[in-house]
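Dear colleague,

I am handing over the structure below for your studies. Please look at it first, and then read the notes that follow.

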Amino acid sequence: MNYIIHYDICALVLTVLLSFCFFYKKYIPNLQNRSFLALLYMVMATTIVDLLDVYGTTFPERVPTYYLYITSYLFFFFLNVLPAAYAFYIVALTGTEWRLTRLTTALPFFIPLVTLVVILAGNPIFNWLFYYDSAMGYHRGPALYVLYFCAFYYLAFGLYSLYRDRDMVRPAKRAALFSFVPLVAIPSLIQIFIPTLLIEMLGASICMMLTLMTIQNPDELLNGQTGLFNRRAFLQESRHAYHQGKGFYVIAARLLKYDYLVRTFGDEQVTAILREIAGELRQLPVRHKQLFYLKDGIFTITMPENEIYLTLPEKVLSIVEGSSRENQMELTLSSRIHVIRCPDDADSVDSLVDYITYASNSDKGKTKEKGIVYVSSEFRNVHARVLAVERAVERALATNGFEVYYQPIFSVKENRVNSAEALLRLRDPELGFIPPDEFIPITEKSGKIIEIGMFVFRTVCQFIAKNDLKKIGIDYIEINLSVEQCMQHKLADQLLRTIDEFHLPTSCINLEITETAVAYSTEILETNMNTLAETGIKFSLDDYGTGYSNMASMVHLPFNLVKIDKGIVSSLEDERVFIAISSTIAMFREMRMGIVAEGVETYEQVEVLSALGCDYLQGYFYSRPVCATEFLEKCIELRDHPELIHPDPMAMDHGLLAVTAAH
Ligand code: C2E
Ligand code: CA
Ligand code: CA
C-alpha cells in the first residue's frame, strides 16, 4: 500500500514545536496542565509510532517480524488511550475530576478503556484486531470497529462532560472546545475510509495547537503583582476541596488600609510591599499551590485539616505586618488574619468568598487573639443573609417598597432649619427593617444601586415639585450619590433631565459624595461634577474624616460644603480630636467651604461645634430622619415656633446666641 505520510510528518513537527512553546511559558503543575501535556505527548508518540508502523508495512523485508507487531500494538494502544485522555483533559478543565471517584461516572469512563485493553491483550491469540499472514500481509480484524466506536465514544464523553459542567468553563473557551471537535472527527472519519491517507494525527495536533493558543493560558491562574496564584485559582482549589468533602482551613490575611496605602504611596510601592510579603509567605512550610493573592491586599492560604499547625496564623501575621522594613517606608503595616474552618464556618465556596470579602471587615462575635480572628460557625450564614437582602431589594424595587426619609439640617447663621438630607429606608415584609448601611453596599456590588439611586433622585424631585418647600423654609435637599453612580458616563445627563422634567431650579438640589468616592476619583467623576456644577447644582463632601482624604484630588472638585462625620463629632471630648477638628474647620473656612457637622446629639455638641465655626448642624438633637409627611409638619411647626429648635432652657440666653454672634 502506498501511504501518504506528509501529513504525519507535519503533525510531528507541530507537536514538537508545541511542547517547546508549552515549556517556554511558565506553567503551573495543576491537573489541567499536566493532562494537557500528557495529551500532547500522546499525540506526538502516536504520530511517531504511526510513521514507524507505516515504514514497517511498506518495507516488510527490511524489518524483523516482531517490529511490525510491536509498532502495530503500540499504534493501537495509543490510538485507544488518546480519546480517553482527551475526555480526561475536559474533566480536568472543568475541575470535576472528583466525579471519577463516583461509580456513576467512573464506570462509563473506565469500562470502554478496559474493554480495549482486553481486545489488545487477546489479539495475539484471537486476531480480533489485526494479523499478518505468512507473507507478512496485514489484515484488519472485526474488533477494529469496536476500537473506532470507542474513540468516538470518548469524544462524546468529553463533550458531554463539557456540556454538563459548562458553568465551570468560560463561554469563549467552551465555544473554542466545541468548534475543535470537527477538526478531530472529520480527519479520523476520512482515514477510516481511506486508510492510506494519514491525516488523523494532523487533525489532532492542529487541535492541540488551537487549544494551547486559546484555552491553555498558563498565566491565567497567576497574579501578576505577586506571582502567587490568583482569585480564580483560589476558587478552583476551594471548589475542589469542598467536593472532596474533607475538612480544610483557609487563613485569610488582609492588609488593612489597602486603599490608603495605594493612594499615599502609589501602585509601584504597594506592589513592592505585596511582592515582599508574597516572597516571605513562600518561605513558610506551605506548598506553592496553597498560597493565593486574591486582590486589594488579601492573601489566602488553603490547608488540609491534617496539615495545619497552631503557629501558622501567627507567622502569617508577623510576615504581613513586618514587611515594610526593606521598603524604607516610615510606615507600620497592620493586618487582620482570619482563620476559617471549612466547611464548619463556611459551608460553600460562595459563603467562603463572601466571608472573606464582606465579613472579615468586622470582628463582631468572633474569638480574637492578637490580631488573629478565629471565625465561629455562626458566620456561615453571612452568605445566606446577603442573598436574602438582595432578594428584599429586588422585591422593594418591584413593589415600590423603598421610602425616602428626610432629616432636617439646622443653619447656625440663620438660626433655623434650612435644608434636609434624603435618606433611603427599606422595610421588607420578611426581613423587617434593613439599615441602609447593610443594603447599600450590597446593591453597590450587584449594580442595583444605579436604579435605586435614580429612584431616590426622582422621588426627591417629585417631593420638591409637589410641595412649596421655600414657604416652609427649606432651601435645598441633599441627596446621596454612591461611587458607582458617580462613575456612570450618563449620570449628569440623567439627573439634569429629571430636574427638567419636574421644572425645578437646580439650586434646590445638593448632591453628597463621600470622601471614599473622591478617593477613587476618575475623569468621569470630575466631568460629571463639573457639568452639574455649571448648571448650579451644589456639592457636599460627605463623611469627612472617615476615609483618607486626598486633598489634591478634592480641591480640584467643585465642592461647596463639607460634612464632618458623626464619628468625629461623637469623640469631640477627646482633646486631640478637638484640636484636629478645630484646625480642619479653620482650613475649610479659609477655602470658603461651608461646614456641616453630622451626628449632633447633645446640646453641648451644638455649642462647641457652633463656636468652632460650623455653619450647619444635623443630627438626632434636631430630629431623626422622618417620612415626608412628618417632615413637612415638623418644618411648619419649627417655622412657626422657632423657640422649639433649641428646647434647652439655657439655649436662648447665653450659649447659642453668644456663639452665633461670634461669627
Ligand atoms: P450618611 O450619608 O452619613 O447619612 C447620615 C447617617 O447618619 C444616616 O444613617 C442618619 O440616620 C444618621 N444620623 C443622623 N443623625 C444622627 C445622630 O445624631 N446620631 C447618629 N448616631 N446617627 C445619625 P442612615 O439613614 O442609616 O444611613 C446610613 C448611610 O447609608 C448613609 O450615611 C449613606 O451613606 C447611606 N445612604 C442612605 N440613603 C442613601 C441613598 O439614598 N443613596 C446612597 N447612595 N446612600 C444612602
Ligand atoms: Ca450623606
Ligand atoms: Ca455622612
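**Findings in the predicted model**

Along the chain, the residues that donate to the calcium ion (ligand 2) follow the spacing E-x58-N-x31-E-x29-D. Please keep in mind that this is a predicted model. The donors themselves are Glu-421 (OE), Asn-480 (OD1), Glu-512 (OE) and Asp-542 (OD), which coordinate the ion at 2.0 to 2.3 Å. Glu-512 belongs to strand E13 (residues 509-514) and Asp-542 to strand E14 (residues 538-544), so this pair ties together parts that are 30 residues apart in sequence. Glu-512 has a relative accessible area of 1% and is therefore buried, the cut-off being under 20%. Asp-542, at 4% relative accessibility, also counts as buried.

Which residue bridges the calcium ion (ligand 2) and the calcium ion (ligand 3)? The bridging residue is Asp-542, and the two ions lie 3.7 Å apart. The calcium ion (ligand 3) has as its protein donors Asp-542 (OD), Asp-543 (OD) and Glu-598 (OE), with Glu-598 (OE) listed twice, and these lie 2.1 to 2.5 Å from the ion. The spacing of its donor residues in sequence is D-D-x54-E. Here too, distant parts of the chain are linked: Asp-543 is in strand E14, while Glu-598 is in the loop between strand E16 (594-597) and helix H22 (603-612), 55 residues apart. Asp-543 is partly exposed at 23% relative accessibility, whereas Glu-598 is buried with a relative accessible area of 8%.

**Aromatic rings**

A pair of aromatic rings is described by two quantities, the distance of the centres and the angle of the planes. The count of aromatic pairs in this model comes to 32. One of them joins Tyr-55 and Phe-59, and this pair is tilted, with 5.4 Å from centre to centre and 55° between the planes. Tyr-55 is partly exposed, with a relative accessible area of 35%, and Phe-59 counts as partly exposed at 27% relative accessibility.

Phe-410 and Tyr-622 form a stacked pair, because their ring centres are 4.9 Å apart and their planes meet at 15°, where planes under 30 degrees apart count as stacked. This pair links parts of the chain that are 212 residues apart: Phe-410 is in strand E9 (residues 402-411), and Tyr-622 is in the loop between strand E17 (616-617) and helix H23 (628-640). Are these two rings buried or exposed? Phe-410 is buried, with a relative accessible area of 0%, and Tyr-622 counts as buried at 11%.

Ring pairs also link Tyr-69, Tyr-73, Phe-75, Phe-76, Phe-130 and Tyr-132 into a cluster.

**Charges over rings, and a surface patch**

Phe-59 appears again in a further contact: the charged end of Arg-62 sits over the ring of Phe-59, 3.9 Å from its centre. Similarly, Arg-166 lies over the face of Tyr-163, at 4.3 Å from the ring centre.

Finally, Phe-110, Val-114, Val-118, Ile-125, Phe-126 and Trp-128 make a nonpolar surface patch of about 600 Å². Phe-110 lies in helix H4 (residues 103-126) and is partly exposed, with a relative accessible area of 38%.

With kind regards

Definitions and conventions:
Residues are numbered from 1 along each chain as its sequence is written. Chains are lettered from A and ligands numbered from 1 in the order in which they are written. This is a predicted model: local features need pLDDT of at least 70, side-chain atom pairs count only at pLDDT 80 or more; totals for chains, interfaces and linings use all residues. Side-chain values use heavy atoms; hydrogens and water are left out. Donors are N, O and S atoms within 2.8 Å of the metal (3.2 Å for Na, K and Ca); water is not among the atoms, so sites may look incomplete. Helices (H or I, at least four residues) and strands (E, at least two) are DSSP runs, numbered from the N terminus. Buried means under 20% relative accessible area, exposed over 50%, partly exposed in between (1.4 Å probe, protein chains only). Rings of Phe, Tyr and Trp (its six-membered ring) pair if their centres lie within 6.5 Å; planes under 30 degrees apart count as stacked, over 60 as edge-to-face and the rest as tilted. A charge sits over a ring if NZ of Lys or CZ of Arg is within 6 Å of the ring centre and within 35 degrees of the ring normal. Patches are made of residues with over 30% relative accessible area and no salt bridge: like charges are joined within 9 Å, nonpolar side chains (Val, Leu, Ile, Met, Phe, Trp, Tyr) within 5 Å. Accessible areas come from the Shrake-Rupley method with a 1.4 Å probe; for residues, only the protein chains shown count as cover. A salt bridge is a side-chain nitrogen of Lys or Arg within 4 Å of a carboxyl oxygen of Asp or Glu.
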